[in-house]
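Subject: Structure for you to look at

Hello,

Here is the structure I said I would pass on. Please open it first, then read the notes below it.

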Amino acid sequence: MKILATEKKYQEAGWRCEDNQQEGGVEMKLLPTIVAGLAVVVGIVWILQGAGLLGGSFMTGRTEWFWIGIATVLAGCAAFLWLRRRSR
């Protein structure tokens, strides 16, 4: 009798999980979204440092960090868009 009650619990939990996925209740994963957002923020800092607008680092005024920052921002934006598209 106890086994049947446990099986019923698992079935109910599975149905609730499937219902959430079908109704759009399961959205983007939090960690990949945070990583994509951090990539954008870090890229912006590197752009500002590379352009000489943000001082206090060995990267200040070095154009290679400007371009690395642009690439990082683009990669972060692409990852964010890919995560949104994948969650639909």
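Q49 is a residue of helix α2. This is a predicted model, and what follows was computed from it.

Is Q49 buried or exposed? Its relative accessible area is 8%. Since buried means under 20% relative accessible area, Q49 counts as buried. Leaving aside residues up to four places away in sequence, Q49 touches L54, S57, M59, T60, G61 and R62. You can select those residues in the viewer and look at them around Q49.

Helix α2 covers residues 30–50, and V41 lies in it as well. V41 also takes part in a nonpolar surface patch, together with I44, V45, L48, L53 and L54. The area of this patch is about 490 Å². L54 therefore appears twice in these notes: it belongs to the patch, and it is one of the residues that Q49 touches.

Now the chain as a whole. How many helices and strands does the protein chain have? There are three helices and zero strands, which gives the pattern α-α-α when read along the sequence.

The protein chain has 88 residues, and 14% of them are buried. Its accessible surface comes to about 7000 Å², and carbon and sulfur atoms hold 66% of that surface. Among contacts with a separation of 6 or more, 44% join residues that are 24 or more positions apart.

Regards

Note on methods
Residues numbered from 1 in each chain as written. Predicted model: local features only at pLDDT ≥ 70, side-chain atom pairs only at ≥ 80, totals over all residues. Heavy atoms only, no water. Helix = DSSP H or I, 4+ residues; strand = E, 2+ residues; numbered from the N terminus. Buried < 20%, exposed > 50% of the residue type's maximum accessible area, 1.4 Å probe, protein only. Contact = heavy atoms within 4.5 Å. Areas by Shrake-Rupley, 256 points an atom, 1.4 Å probe, with all protein chains shown as cover. Patch = residues over 30% accessible without salt bridge, like charges linked within 9 Å, V, L, I, M, F, W, Y side chains within 5 Å. Salt bridge = Lys/Arg side-chain N within 4 Å of Asp/Glu carboxyl O.
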